[in-house]
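Colleague: I should like a close look at one part of this model, the open sheet, together with what packs around it. Please set out the cut-offs as you go.

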Amino acid sequence: MKYLVTGYKGQLGYDVVRELKNRNVSDSDIYPMDINDMDITNRDQVMAKVNEIKPDVIFHNAAWTNVDGAEDMQEACEKVNYLGAKNMADAAKMVGAKIVYISTDYVFDGTKDGMYEIDDKPNPLSVYGKTKYQGEEAVRDYEKHFIVRISWVFGINGKNFIRTMLKLSESRDELNVVADQVGSPTYTVDLAKLLVDMVSTEKYGTYHANNEGFCSWAEFAKYIFESSNINMKVNPIPTKDYPQKATRPLNSKLSKKSLDDAGFNRLPNWMDAVNRYKEELINEDSIEAKILIKHRKGE
Ligand SMILES: NC(=O)c1ccc[n+]([C@@H]2O[C@H](COP(=O)([O-])OP(=O)(O)OC[C@H]3O[C@@H](n4cnc5c(N)ncnc54)[C@H](OP(=O)(O)O)[C@@H]3O)[C@@H](O)[C@H]2O)c1
């Protein structure tokens, strides 16, 4: 089996490649791609590369992920998230490969009471959410798809909320954090395991997959500090007091019913995931590792 992985220099792509290696897939059967190997917006290049490799599976993780930046760069964002996804889906179809497309809770407007099911009607509030949904629709046109909506991602290979909180603890002892957006974090190590499991089946369709349990950003932040022995006052604030360019859904609770129905394992609880992530972080040569070590020693 040959696996092509887009966005391998990002958070999720990096862990998908690691997971394949953990399962003893040989290096020669893994094709990690970044923009220099294959620009997903360049249709001719995508078709030629995929035709040359003829993968059995494409993990399409690459995307425009700057949510606020997208508001002023709609065309550029659409090119990556919609056209890029369409190119990857068309290339998958050309060679008969299965495709995994990673989508987002931001396809929803967050006004529903309760959890979002996979067939609830999307109504994205942001350019990013809109273009990711366009990408979904392009991929859905090809039968052999797994569309997996995730949220609030953290992984070792990139910037994320946990790294930001840890770094802020060096200069602040009090933080205002949004408390009325509720959802679930997603640890890329846990997600990568599920994605690799998925592609060994023909259980095509749309799924929601993030770590178990719900929290607000303020609760997420509090847990990061408390579990790291960092003294920080987290003040819960409403979204309206934290203006951002892109509008985010307030309710990002995703139902995992589709995972259960297909017999896939749910991801572990998000707090457990944060703890394991910090064990990864602490082994890095980074400022975040130094902060974690300092507080672990109680300095
Ligand atoms: N991060 C989140 O909180 C979040 C939440 C929900 C869903 N998602 C989705 O989850 C997936 C993975 O997210 P992530 O956090 O791992 O993303 P990430 O760390 O930002 O990585 C995305 C990767 O895509 C690459 N890329 C961008 N434009 C490209 C192009 N034209 N051709 C080829 N590669 C290109 C980027 O390369 P450069 O760095 O060189 O530009 C980067 O390595 C994405 O599909 C995202 O939409 C993310």
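Modeller: The account below begins with the sheet and then turns to its surroundings.

This is a predicted model, in which local features need pLDDT of at least 70 and side-chain atom pairs count only at pLDDT 80 or more, while totals for chains, interfaces and linings use all residues. Residues are numbered from 1 along each chain as its sequence is written.

The protein chain has ten helices and 14 strands; these are DSSP runs numbered from the N terminus, helices being H or I with at least four residues and strands being E with at least two. Six strands form an open sheet with parallel pairing, in the order β2-β1-β3-β4-β5-β10; two strands pair if DSSP finds at least two bridges between them. In general, strands of a sheet pair through backbone hydrogen bonds, either parallel or antiparallel. At the edges stand β2 (30–33) and β10 (205–208), each with a single partner strand, so one side of each is left without a neighbour in the sheet. On average, and ignoring direction, neighbouring strands of this sheet are turned by 15 degrees against each other; axes are lines fitted to C-alpha atoms, for helices over the stretch in contact, and angles run from 0 to 180 degrees between N-to-C directions.

Within the sheet, β3 (residues 57–60) runs parallel to β4 and is joined to it by four bridges. H60 has Y101 as its bridge partner in β4. Helix α1 packs on the sheet, where it touches β1 (3–6), β2, β3 and β4, and its direction makes about 155 degrees with that of β1. Contact here requires that the C-beta atoms of two residues, placed from the backbone, lie within 7 Å.

The ligand brings some of these elements together again. It is surrounded by 25 residues, of which the closest are G7, G10, Q11, A62 and A63; a residue counts if its C-beta atom, placed from the backbone, lies within 6 Å of the molecule. The elements giving two or more residues to this shell are α1 (11–22), α3 (74–95) and β4 (98–104). By class, the shell has ten nonpolar, eleven polar and four charged residues; Ala, Val, Leu, Ile, Met, Phe, Trp, Tyr, Cys and Pro count as nonpolar, Asp, Glu, Lys and Arg as charged, and the others, Gly among them, as polar.

Helix α3 also meets helix α2 (residues 43–53): their axes come within 9 Å and cross at roughly 30 degrees. The residues of that contact divide into seven nonpolar, two polar and one charged.
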